[in-house]
Amino acid sequence: MPGMPYRVTLIPGDGIGPELAEATRRVLDASGVAFEWEVQDAGEGVMAKYGTPLPEHVLESIRRNKLAIKGPITTPVGSGFRSVNVTLRQTLGLYANLRPARSIKGLQTRYEDVDLVIVRENTEDLYAGIEHMVGRDAAESIKIITREASERIARFAFDYALNNGRHKVTAVHKANIMKLSDGLFLESCAHVAKDYEGKIEFEDRIVDNMCMQLVQKPELYDVMVLPNLYGDIISDLCAGLVGGLGVAPGANIGTEASVFEAVHGSAPKYAGMNKANPTALILSGVLMLRHLGEQDAAVRVEKALREVIAEGKATTYDLGGPAGTSQFADAIIARLG
Ligand code: NAD
């Protein structure tokens, strides 16, 4: 019997977001865990009404519920409003971005057994958003790295490794060139690693070498911890190793709240076509179930999803199947019984 429902803020988002959010909500409702969804609109669609893509009442809803599932939100390039995603992470102190990349049977990829976890620092680095013009023809972006945020993300990575049966944490950096900023990140990770000696192995890699090694020998790596920008890039690389953006989930974890979202964007060209793949957002929902300690439901949903993909009859176009977003969700729900 389901217990007290978890109240979750559901942000459908822009583009393909609403269809994926609906598919995810239906699958999670069929998991046996009770949810009460507080639907809140954010993104392009609310700009005209509220003058901001992220109205205060949406933030309040997430603060109150401490949990949100979010569809992708369109960010105009160059000008316009600041990324809702970056603002959410900074405003709610969502300091850890967790992105697992695990092979899915039935997907045509170059590797069969990739099982990586990317832990990305989510609040600083070049994403602190401190940019200005220097005269008319030069621009400057400031890269912020602090000991506090670096140690906090390193501890998150080691605790995640410890609690999830992992063996190794690799810190990724460019401390040979950025000796102060990336040097501080590396030093902080090495400092935290001492508390886990004998339990979790620690090593470090320079980010360019890491890119090459990941495409040649992904099996050498386990949990990786990275500053914000490298984390953004490497997590897409890892998504590519396991089948692309359509299957890459993510979680933004903070002390005040946690927001679960797919790695991909709003793919506007497929909006409203019942075409996009809901896997990444559903797997983000699985991360939320695990975060809530609902392990049984998490295992059941992930197993049902993996079986539907392995069978290949009810998957979306990008996975080579004939189904639409909602039919894909129906097939998962049917397996959940
Ligand atoms: P995108 O991820 O939206 O789409 C790139 C391509 O990937 C699509 O054209 C499509 O072919 C494929 N794709 C992505 N998701 C898919 C899915 N679920 N199913 C099937 N195919 C899928 O990236 P983009 O075109 O660079 O960005 C579009 C908008 O999304 C931009 O405004 C960007 O800022 C925003 N964005 C938002 C988030 C977020 O909200 N978390 C993340 C990334 C990009």
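Let me start with the shell around the ligand: by class, ten residues are nonpolar, seven are polar and four are charged. Keep in mind that this is a predicted model.

Which residues come nearest, of the 21 around the ligand? They are Ile73, Thr75, Gly265, Ala267 and Asn277.

Now the polar contacts. Ile73, already named among the nearest residues, has a polar backbone atom 2.7 Å from an oxygen atom of the ligand. Ser266 also contributes through its backbone: one of its N or O atoms there lies 3.0 Å from a ligand oxygen. With His264 the side chain is involved, and an N or O atom in it is 3.3 Å from a nitrogen atom of the ligand. I count each of these pairs as a polar contact because the cut-off for N or O atoms is 3.5 Å.

How much of the ligand does the protein bury? Taken alone, the ligand exposes 810 Å², and 69% of that is buried by the protein. As for the site itself, the ligand takes up the space of the largest pocket.

Next, the domains. The protein chain is divided in two. Domain 1 is made of 1-97 plus 245-337, and domain 2 covers 110-242. Between their C-alpha centres the distance is 25 Å. The contact between them takes 14 residues from domain 1 and 15 from domain 2.

To put the two parts together: Ile73 falls in the 1-97 segment of domain 1, while His264 and Ser266 fall in its 245-337 segment. That is what I have on the ligand and the domains.

Definitions and conventions: Residues are numbered from 1 along each chain as its sequence is written. This is a predicted model: local features need pLDDT of at least 70, side-chain atom pairs count only at pLDDT 80 or more; totals for chains, interfaces and linings use all residues. Side-chain values use heavy atoms; hydrogens and water are left out. A residue is near a molecule or strand if one of its heavy atoms lies within 4 Å of it. A polar contact is a pair of N or O atoms within 3.5 Å; within protein, one must be able to donate a hydrogen and the other to accept it, and residues adjacent in sequence count only if both atoms are side-chain atoms. Accessible areas come from the Shrake-Rupley method with a 1.4 Å probe; for residues, only the protein chains shown count as cover. On a 1 Å grid over the protein atoms alone, a cavity is a set of points where a 1.4 Å probe fits but cannot get out, and a pocket is an open set with protein on both sides within 12 Å along at least five of seven lines; lining residues have an atom within 4 Å of a point. A molecule sits in a cavity or pocket if more than half of its atoms lie within 2 Å of its grid points. Ala, Val, Leu, Ile, Met, Phe, Trp, Tyr, Cys and Pro count as nonpolar, Asp, Glu, Lys and Arg as charged, and the others, Gly among them, as polar. Domain bounds come from an automatic or database domain assignment. Contact means heavy atoms within 4.5 Å.
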